[in-house]
Amino acid sequence: MNELEQMYQEIILDAARERHGEGSLTDPAGESFQVNPTCGDQVTMQVNIEDGKIALAWDGHGCSISQASISIMAELVDGKTVEEFDLLYHTFRHMMDQQGGAISDEDADLLEDASAFQGVSKFPMRIKCALLGWMALRDATDQALE
């Protein structure tokens, strides 16, 4: 394992333990339950949009990849506008679709620690784990906007 892959692995393991954004919201405007039937990872994502900014909380369990992705996403997105989240969502999704291919420095900078999942995209069965929370937040945000 090269130095960059080792650093990414540490970021993922640390985020899985820290679980940023875990909890619940009082009277959320949007809520989404998502499960990965392949491995059993689960997340319930709650969202409010206050003054145009996203407030989120989540609860779930699963592998370190899903939990770390949710934790990093929560830290990255909380307090951002829906438009900012949309850009982050599409950039993360694009990275996952690259199947381990290089991403631009601009995308890596935008994604911050979420760029650590670039290596995960080499493994199709793990892509679903990394995307679980992102899909839940997309659904909950769409509900909150209705």
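## A first look

Is glutamate 22 buried or exposed, or does it fall in between? Glutamate 22 is partly exposed, with a relative accessible area of 40%. Its side chain meets that of arginine 19 in a salt bridge, at 2.6 Å from N to O. Please keep in mind as you explore that this is a predicted model.

## The sheet

Let's turn to the strands. Three of them form an open sheet in the order β1-β2-β3, with antiparallel pairing. At the edges are β1 (30-35) and β3, each of which pairs on one side only. Neighbouring strands of this sheet are turned by 15° against each other on average, direction ignored.

The antiparallel strands β2 and β3 are joined by nine bridges. To find a residue pair to look at, try valine 43, whose bridge partner in β3 is glycine 60. Helix α2 packs on the sheet and touches β2 and β3; the direction of α2 makes about 165° with that of β3. Helix α5 packs on the sheet as well, touching β1, β2 and β3, and its direction makes about 40° with that of β2.

## Helix α3

Helix α3 covers residues 82-97, which is 16 residues. How far apart should its ends be? At 1.5 Å a residue, α3 should span 22 Å, and its end C-alpha atoms are indeed 22 Å apart, so the two values agree. Just after α3, glutamine 99 takes a positive phi of about 50°.

Several residues of α3 are buried: Val82, Phe85, Leu88, Tyr89, Thr91, Phe92, Met95 and Met96. What covers them includes two strands, β2 (42-50) and β3 (53-61), along with the helices α2 (64-77), α4 (105-111) and α5 (124-145).

## Methionine 135, a residue of α5

Methionine 135 lies in helix α5. With a relative accessible area of 31%, methionine 135 is partly exposed, because buried would mean under 20% and exposed over 50%. Which residues does methionine 135 contact, leaving aside its neighbours within four places in sequence? They are Tyr89 and Arg93. Of these, Tyr89 is one of the buried residues in α3, while arginine 93 counts as partly exposed at 29% relative accessibility.

Methionine 135 can also be compared with serine 121. The two are 14 residues apart in sequence, and their C-alpha atoms are 16 Å apart in space.

## Salt bridges

Side chains of opposite charge can pair when their charged atoms come close. How many salt bridges does a search of the whole structure find? The search finds four, and one of them is the pair of glutamate 22 and arginine 19 described at the start.

Another joins the side chains of aspartate 14 and arginine 17, at 2.5 Å from N to O. These two are three residues apart in helix α1 (residues 3-18), so about one helical turn separates them. Aspartate 14 is partly exposed, with a relative accessible area of 34%, whereas arginine 17 is exposed, with 59%.

Back in α3, the side chains of arginine 93 and aspartate 97 meet in a salt bridge at 3.7 Å, N to O. Because they are four residues apart in helix α3, arginine 93 and aspartate 97 are separated by about one helical turn. Aspartate 97 counts as partly exposed, at 48% relative accessibility. Arginine 93 thus has two roles in this report: a salt bridge partner of aspartate 97 and a contact of methionine 135.

Notes:
Residues are numbered from 1 along each chain as its sequence is written. This is a predicted model: local features need pLDDT of at least 70, side-chain atom pairs count only at pLDDT 80 or more; totals for chains, interfaces and linings use all residues. Side-chain values use heavy atoms; hydrogens and water are left out. The expected span of a helix is 1.5 Å times one less than its number of residues. Buried means under 20% relative accessible area, exposed over 50%, partly exposed in between (1.4 Å probe, protein chains only). Contact means heavy atoms within 4.5 Å. Two strands pair if DSSP finds at least two bridges between them. Axes are lines fitted to C-alpha atoms, for helices over the stretch in contact, and angles run from 0 to 180 degrees between N-to-C directions.
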